[in-house]
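Work through the exercises below with the sequence and the model side by side. Try each task before you read its solution.

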Amino acid sequence: MFKRILALIRKEFLSIWKDPRSRILIVAPPLMQLLIFAHAATMEIRNIDMAVLDRSQTVQSRDLISEFQHSKWFRNVTLVENEKQIEQMIRAKKIQLALSINTDFANKLKRNQPTNIQVILDGRQTNTASIANGYIASIVAQYEAEHFPQRLKSAPQINLEIRNWFNPNLIFLWYTVISLITILATTIALVLTSLSIAREREMGTFDQLIVSPLSAFEILVGKTVPPLIISLVMTTLMSLFVIIFFKVPFTGSILLFYISMVTYLLSILGVGLFFSSICKTQQQAILGAFTFQMPAILLSGYISPVEDMPMFFQHLTLINPVRFFLVIMKGLFLKNMPAEYIFQNLIPLVFIAILSLSAASWMFKRNLD
Amino acid sequence: MISSIEIKNLTKKFTDNEPAIDNLTLDIEKGRITGLIGPDGAGKTTLLRLITGLLLPNEGEISTLGLNPTINQKLINAKIGYMPQKFGLYEDLSVIENLNLYAELKEIPQNEKEKIFNKVLTMTDLIRFKKRLAGALSGGMKQKLGLACTLLGTPKLLLLDEPSVGVDPISRRELIKMVRELATEGMTILWSTAYLDEAHSFDSCIVLNEGKIIYNGLPHDLSETGKGFEQKVIELMGGFNPQPSELAEKFELKEHNVEYVIEALDLTKKYGDFYAVKNNTFHIKKGEIFGLLGPNGAGKSTSFKMMCGLSTPSAGTAKIMEQDILKNPSKARSYLGYMAQKFSLYGDLSVMQNLRFFAGVYGLNIFKRKDKIDQIVEIFHFKKYLNHDAKELPLGYKQRLSLACAVMHNPSVLFLDEPTSGVDPVTRREFWHHIKGLAQKGVTVMVTTHFMDEAEFCDRISLFYQGEAIATGSPTELKNMISPTATMEDAFVGLIERYNEKGVLR
């Protein structure tokens, strides 16, 4: 039995690899999407418009402002009178950020005391905000080094106090790339499995498989393992990619990560196989897979929080594997979520996986007629 | 003599290898049916496509209806009808919708449409099925519809690329009759075919081999009878010298003492009120070759599928080596080698990968696997194709590969569903040579075919019609039911006609 399954698994890998369609589907979307994100996230941003509220009105504060005026990144530096103006300008998207320099700025510098500059960023434009933030930090550091070299002997003393309006803490990018990994893993697993049986049906090779000594169970195992391995590998690569290039922290347990990943993927593979067993052609199977995928993502809490959904949909999310897995992914990456919380989400996933795989094998056997 | 097609020193190469068409010179006479025959890969399809202008020649000249297809492809298109091997019928559209679509493609004026449709539909006898989806038509009717679509522009020249592959003898007779009527109206017809009896009835025939013409003349000049003609053509193609079948020699049959190896017991398949197969019962002895004959849609493939457990019977059951296919499907299937009607190996995998896969699925162990594969490569001459993707193989080799994969695990029972459909005469002989060899060794074979000469090779035949076996017996017995001098085809057509008249046979 093991030998037969092995032969089938090998064949599956070969067919996936030799079919240009599946090959592209595995490699292209993750590569493209992650590259686009990487590009958008590291892209240098120029021509930033900013406002400054200079309450200090001293030589020192003007020096600092002129550093901004002369930097290559900032285009218009508008001087404003009060915070109200800042708010209006950000709201109207006339500026992407504002500095607010305190009245005691010069005094504190002279007395060699720590001082604060408030940076206000437009949190709606997360990317620009986070990059501009970096620029500001480097300009301020440079200013300090040039004008007060003695201060550098201790730690830098001008503290930036950053407030992201509309999106405090700026975890949005991290949150997005992690959700993106989940969605891409889902797509890969779903597409590979939904194509696999339907393709054989379309080509007429399915009859040949059934007539062979392979049992229905063996065929299902053979059809599940290759997509599982491929999506596991792809997920690992994508996770490494975001950890290295987006500096997304990975705070949780790797073991739990893989246990949850395998469980999640199995539940998705079950859905894919289910569609593949019903459909006669690959086209139908792909369409079926997408009619599952879109609502599953919409109802996962990625777009809008589950708590905000109407009651009916909240109940519906209880059978949605994406919902639970998103929580696990965010927890493991960003929050160092303790094992017990992971299990709270993992156990429903196990049930969903059992449910979807049994539905698939039931449908598979039924459709042999 | 007026020629519709004149070809001078035509050469066509696809790669740097051997040319597909090699310095060919040919005239095709107007108003006649010319048969184009030859082994797979001889260049028949290439020649037809060159004549239409779909392919451009490397060297030489073609004149199609006085026009040069390289320059005037558009003009030629309007004057000819070309029916490729796989005619592009839209299976989700009805018969009339398909016709409408092709009429629009051929820019037939709206007011003439109805007249033309009536003509082609009457001629093809499809008028009753106007509203039926093309996908729901039988193989023979699909081909007729394809022909009807091809005839829409009232072409002066008709090019048919193996229109009768997979079509039963009755539908084939009708198809030929239709085309013959067209020829009397002055249409020129070039008809590529693998059926030599068909070619024998044409006005003229061309035998192509490796891109060269090896015979061009009247079929009756070669031989007066269809059988003699086939023999002569096979000799022209290099002949077939039967050596003892190596496949059969190397075959390791598991000894068994089962008397009836294959049994069908009241096998029935019902779709709604319609019986696809009705109360079918037969018992096949060890080493017998049992043929299922019958028109398209008679229920042969459905029976086949039920017997190997691909489809659940509505009633009754089948037994293979005394194992009930419903109760012990895995056990029953383990005795089985199955070759499906449609090529059903992995087209994206190479020949070698396919062989390895099936060896693995059949559980051959590593050492045995290598020996067995080497053996098969040797027997079927796969060496030069080992690393080719299966989908790129010539048809004859595809069928060989299917047979090879079906017998790899030394099954006691072999189910072959139209194994030689569309295959050239020499390969067909080779196939039957293997089949007979295996049967002598003790393998029990159940086979369907549309070739009447192949039916003669069977020990017993069951003639299927409308889901029922209307006659069963040895080929001689069946022929004697009609007359002592009847051919197999006469018996086939006669028995079905008799059934239609009386509702029962005896």
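The model is predicted. In chain A, residues 24 or more positions apart make up 81% of the contacts that have a separation of 6 or more.

**Exercise 1. State how many helices and strands chain A has, and what share of its residues is buried.**

Solution. Begin with the secondary structure: chain A has 14 helices and five strands. Then turn to burial. Chain A holds 369 residues, and 51% of them count as buried.

**Exercise 2. Classify the packing of H9(B) against H16(B), and list the residues that meet.**

Solution. Step one: locate the helices. H9 spans residues 226–236 of chain B, and H16 spans residues 425–441 of chain B. Step two: take the geometry. The axes lie 9 Å apart, at an angle of about 100 degrees. Step three: apply the cut-off. Angles of 65 to 115 degrees count as roughly perpendicular. H9(B) and H16(B) are therefore roughly perpendicular to each other. Step four: find the contact. H9(B) supplies Glu230(B), Gln231(B) and Ile234(B). H16(B) supplies Pro425(B), Val426(B), Arg428(B) and Arg429(B). Step five: sort these residues. Three are nonpolar, one is polar and three are charged.

**Exercise 3. Find the rings over which Arg428(B) and Lys398(B) lie.**

Solution. Start with Arg428(B), one of the H16(B) residues that meet H9(B). Arg428(B) lies over the face of Phe451(B), 3.6 Å from the ring centre. Next, take Lys398(B). Its partner is Phe343(B): the lysine lies over the ring face, at 5.4 Å from the centre.

**Exercise 4. Classify the ring pair Phe312(A) and Phe313(A), then the pair Phe382(B) and Tyr397(B).**

Solution. Set the scene: the whole structure has 22 aromatic pairs over all chains. Take Phe312(A) and Phe313(A). Their ring centres are 5.3 Å apart and their planes meet at 65 degrees, so the pair is edge-to-face. Now check accessibility. Phe312(A) is exposed, at 57% relative accessibility. Phe313(A) is partly exposed, at 34%.

Move to Phe382(B) and Tyr397(B). Here the centres are 6.4 Å apart and the planes are at 55 degrees, so the pair is tilted. This pair links distant parts of the chain, 15 residues apart. Phe382(B) sits in the loop between helix H14 (366–380) and helix H15 (395–407) of chain B, while Tyr397(B) sits in helix H15. Burial comes last. Phe382(B) is buried, at 0% relative accessibility. Tyr397(B) is buried too, at 16%.

**Exercise 5. Name the residues that ring pairs link into a cluster with Phe250(A).**

Solution. Follow the ring pairs. They join Phe250(A) with Phe257(A), Tyr258(A) and Phe333(A).

**Exercise 6. Give phi for Gln57(A) and Gln466(B), and place each residue.**

Solution. Take Gln57(A). Its phi is near 50 degrees, a positive value in a residue other than glycine. Gln57(A) belongs to the loop between strand S1 (48–54) and helix H3 (59–70) of chain A. Repeat for Gln466(B). Its phi is positive, about 50 degrees, and it is not a glycine. Gln466(B) falls in the loop between strand S18 (460–465) and strand S19 (468–473) of chain B.

**Exercise 7. Describe the setting of Thr476(B): its helix, its accessibility and its distance from Asp459(B).**

Solution. Helix first: Thr476(B) lies in H18 of chain B, residues 475–482. Accessibility second: at 49%, Thr476(B) counts as partly exposed. Exposed would need over 50%. Distance third: the C-alpha atoms of Thr476(B) and Asp459(B) are 9.7 Å apart, with their positions 17 residues apart along the chain.

Methods: Residues numbered from 1 in each chain as written. Chains lettered and ligands numbered in written order. Predicted model: local features only at pLDDT ≥ 70, side-chain atom pairs only at ≥ 80, totals over all residues. Heavy atoms only, no water. Axes fitted to C-alpha atoms, helices over the stretch in contact; angles between N-to-C directions. Helix = DSSP H or I, 4+ residues; strand = E, 2+ residues; numbered from the N terminus. Parallel < 35°, antiparallel > 145°, perpendicular 65-115°, else oblique. Contact = heavy atoms within 4.5 Å. Nonpolar A, V, L, I, M, F, W, Y, C, P; charged D, E, K, R; others polar. Phe/Tyr/Trp six-rings, centres within 6.5 Å; stacked < 30°, edge-to-face > 60°. Buried < 20%, exposed > 50% of the residue type's maximum accessible area, 1.4 Å probe, protein only. Lys NZ or Arg CZ within 6 Å of the ring centre and 35° of its normal.
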